[in-house]
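Reader: I am new to this structure and would be grateful for a close look at a single part of it. Please describe that part in a connected way and explain the terms as they arise.

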Amino acid sequence: GNLVKELLPFSKHSSVPVTALCTDISTKMLLAGSKEGHITRWNIASFLEDPQNSKNQIKEELYWRAHSNEVVDLLHEEEKNVVVTASIDGSVRLWHAMNGYYLGYFGQPRRFELSNISWLILPCDVNNFPTIIKEESKHMEKKTKFEYPLMLDRDK
């Protein structure tokens, strides 16, 4: 918990209290639920193999709004590749683990459709689509060098 607390200020999203944590069976993925209803998926495999190596980092991979209130529990079901989230408001929802797509809620009149995840729907109280965090490429960092610096021209 303390490690995630230290990492959250450096993620691409604002730091809020973590209220629920879970991992997959092989401990390669960490899911964190927040007080504001967000779920963040972290890749922790390389870090756990050799935590002393500074090149092995915990990588944020996916971020989505699951509830409008605090997430109180979450579960990753590997066989079906889904994440179950529960909120303080009493709702329990089902999400696709790899892309954060909403699959439905417990108590809905229709059956869960786990085979067709190509269409994206959102619950009525969530209006933000999942964000897939891609690793920044190294060639993008080199573009900070300018060939023609800006200069003030008082005549113009």
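Author:
**Strand β7 and its surroundings**

H96 is found in strand β7. Strands here are DSSP runs of E with at least two residues, helices are runs of H or I with at least four residues, and both are numbered from the N terminus. This is a predicted model, in which local features need pLDDT of at least 70 and side-chain atom pairs count only at pLDDT 80 or more, while totals for chains, interfaces and linings use all residues. Residues are numbered from 1 along each chain as its sequence is written, and side-chain values use heavy atoms, with hydrogens and water left out.

H96 counts as buried, at 11% relative accessibility. Buried means under 20% relative accessible area, exposed means over 50%, and partly exposed lies in between, with a 1.4 Å probe and protein chains only. The side chain of H96 is joined to that of N99 by a polar contact of 3.2 Å. Such a contact is a pair of N or O atoms within 3.5 Å; within protein, one must be able to donate a hydrogen and the other to accept it, and residues adjacent in sequence count only if both atoms are side-chain atoms.

R93 also lies in strand β7, which covers residues 92-96. With a relative accessible area of 7%, R93 is buried. Its side chain makes a polar contact of 2.8 Å with the side chain of D125, and the side chain of R93 also reaches the backbone oxygen of A66 at 2.7 Å. Leaving aside residues up to four places away in sequence, R93 touches several residues, including H67, V83, Y102, P123 and V126; contact means heavy atoms within 4.5 Å.

The record adds an annotation to this part of the chain. UniProt, in an unreviewed entry, places the feature "repeat: WD" at residues 64-95. UniProt positions are given in the numbering used here, feature names are shortened, and annotations may be inferred rather than shown by experiment. Over residues 64-95 the chain is 0% helix and 59% strand, and the end C-alpha atoms lie 10 Å apart.

An open sheet provides further context. Five strands form this sheet in the order β1-β2-β3-β4-β9, with antiparallel pairing; two strands pair if DSSP finds at least two bridges between them. Strands β1 and β9 (131-132) stand at the edges with a single partner strand each, so one side of each has no neighbour in the sheet.
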